[in-house]
Amino acid sequence: MLMSVYWMTEAVPLAVTSFIPVILFPLLDVLNTERVCNAYLKETNMMFIGGLIAAIAVEHCNLHKRIALKVILTIGTSQVRLLLGFMITTMVLSMWISNTATTAMMTPIVKAVLDELKQNKDVESRHRTSSLNTADSEHASGAFDPETRRKSVYQCDYEQNDRPEKTDICYYLGVAYASNLGGAGTLTGTGTNLTFKGIWDTTFPEAGGVNFASWFIFCTPLMLINMLAAWIWLQILFMGLFRKKKEEDKRKSNEEEAKIVREVISVKYEELGPMTFHEGSVLILFIIVVILWFFRKPEFIPGWAEFVATVEIDDATPVMLIVFLLFVLPANLDFLRFDSNERRPAKAAPALLTWKVVHEKVPWGLVCLLGGGFAMAAASNESGLSTYLGKELVYLEVLPPFLILIIVATATTFLTEVSSNTAIANITLPVLAQMAVAMKIHPLYFMIPATLCCSYAFMLPVATPPNAIVLAASNMKTTDMMKAGIGMNIICLIILCIFFLTYGSLVYDLEDYQEYLFVNNATNVTRL
């Protein structure tokens with residue numbers, strides 16, 4: 001309760017609250033200091049750190065920006081396609097890179113496009129006004145100088161008191177929604193997913209069933225459906241989808257805007273130049289780690305780990321191999337050029353990644369937050385608290401399981417609007433695990449929806465960093481975010497419940513409740 005209150009109120013920093021188990025559990029005779037400290041660097045945390053470093057390598061070489069601009073140019077630059085392009089790009093990147101970094105990278109791109117459109121509208125407005133006077137004044141203003149229009153993307157900025165247009169809000173919210181949804185698409189996409197994996201492995205070490213492949217197979221289709229729903233929802237709210245267009249020249253105006261947007265994005269893409277050896281190397285290594293994760297233990301076929309060693313190989317091992325290579329392989333091939341006189345490399349080649357960059361960009365506080373949650377979960381099992389709470393909640397079994405699932409998902413979704421997503425996962429998941437066991441229901445039946453709902457925070461700027469970033473960048477009102485966000489929350493809840501009870505039940509075989517895997521494991525953890 002103490003940690004829950006501190007996490008939800010942030011009376012002290014979240015990471016500092018995570019150190020409380022190291023102090024209190026040994027003093028209260030719950031766990032010895034060694035076992036508490038071991039919880040802070042479990043395999044899940046090592047996997048998280050490795051995934052973060054791989055993502056930082058992608059950012060460091062600017063590969064993420066190249067991918068973003070290319071995807072937007074490929075999808076198209078009309079209003080509807082531009083929104084889709086922004087959302088798909090953000091979603092794909094946030095599956096692998098932190099949601100905060102993805103949103104921070106995409107927001108300036110969105111702003112540059114919208115500033116250019118705003119500048120163009122101002123130019124047309126001035127042109128219409130000046131044409132009423134004389135054609136000479138129109139020429140003197142330089143309104144249609146193509147060089148001026150090209151530069152405006154870097155010079156034009158919103159006034160602080162300007163009220164953004166509806167379409168502007170739509171683009172920014174699209175980036176925030178796609179970032180939150182994309183993070184839920186992979187096991188390494190966000191901290192809450194790895195919190196779930198760590199608690200699952202701690203509570204039911206022999207149960208299995210949760211790995212990169214199984215999560216990807218279930219959550220990626222769900223993510224795509226949610227993103228499509230978000231795209232349609234934003235169009236209905238801000239672009240007048242299904243409304244009759246009043247203006248005859250609307251299409252012509254849209255075509256003009258599409259040309260301007262394509263010009264802006266093309267200029268930014270050309271500035272990147274051709275793909276470098278650095279970017280290509282990082283891209284190949286990133287693809288390799290994803291393949292290694294997926295095929296380590298896919299369960300539908302034998303995984304590569306079974307042929308390599310007799311001991312258990314988890315996801316931290318392949319990602320740390322790739323991390324090691326990032327610090328070893330060169331970022332360019334200049335070292336192959338030799339001075340004609342001394343026959344030695346003309347210049348030392350830097351590595352693909354440096355420790356200085358990693359040290360500055362890894363969110364070490366989040367690593368501590370995950371560790372604090374794992375320590376609390378271990379102590380809850382050791383003391384029997386999780387089992388006690390689960391048995392107390394067993395009285396809910398008078399309700400149908402699907403109704404309990406809806407209540408759990410709804411409560412988690414709205415709790416995470418006002419508190420840290422990872423903190424909510426740390427608080428709720430151990431209790432849900434034991435409640436399911438007491439009710440003789442597969443624990444994943446409640447744990448996976450609750451985990452995913454921790455990412456469905458669309459209403460408030462304090463809910464997630466992407467929300468806060470787009471609110472500040474767009475100058476929109478909090479009420480604008482709330483109106484669109486509450487609808488998005490409800491849409492995602494409905495899709496999740498339907499999808500999980502149908503497709504999810506097949507992927508995770510939720511009907512197959514093997515009591516010995518869960519009851520015996522929970523008892524063994526307690527005895528340890």
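Begin with the whole surface of the protein chain, which exposes about 24,600 Å², with carbon and sulfur atoms supplying 62% of it; such accessible areas come from the Shrake-Rupley method with a 1.4 Å probe, and for residues only the protein chains shown count as cover. This is a predicted model, in which local features need pLDDT of at least 70 and side-chain atom pairs count only at pLDDT 80 or more, while totals for chains, interfaces and linings use all residues. Residues are numbered from 1 along each chain as its sequence is written, and side-chain values use heavy atoms, leaving out hydrogens and water.

Next, colour the chain by secondary structure, where you will find 26 helices and zero strands (DSSP runs numbered from the N terminus, helices being H or I with at least four residues and strands E with at least two). Of the 528 residues, 52% count as buried (under 20% relative accessible area, with exposed meaning over 50% and partly exposed in between, using a 1.4 Å probe and protein chains only).

Now select Phe86, Phe446 and Leu452, which touch the most other members of the largest nonpolar core, a set of 143 residues (buried Ala, Val, Leu, Ile, Met, Phe, Trp, Tyr and Cys residues joined through side-chain atoms within 4.5 Å). Helix H13, residues 212-239, gives this core its largest share, 14 residues. Another core, of six residues, lies apart from it and includes Met3, Trp7, Ile20 and Leu369.

Finally, select valine 319 in helix H17, residues 316-326, which counts as buried because its relative accessibility is 1%. Its C-alpha atom is separated by 5.5 Å from that of glycine 50, although the two residues are 269 residues apart along the chain.
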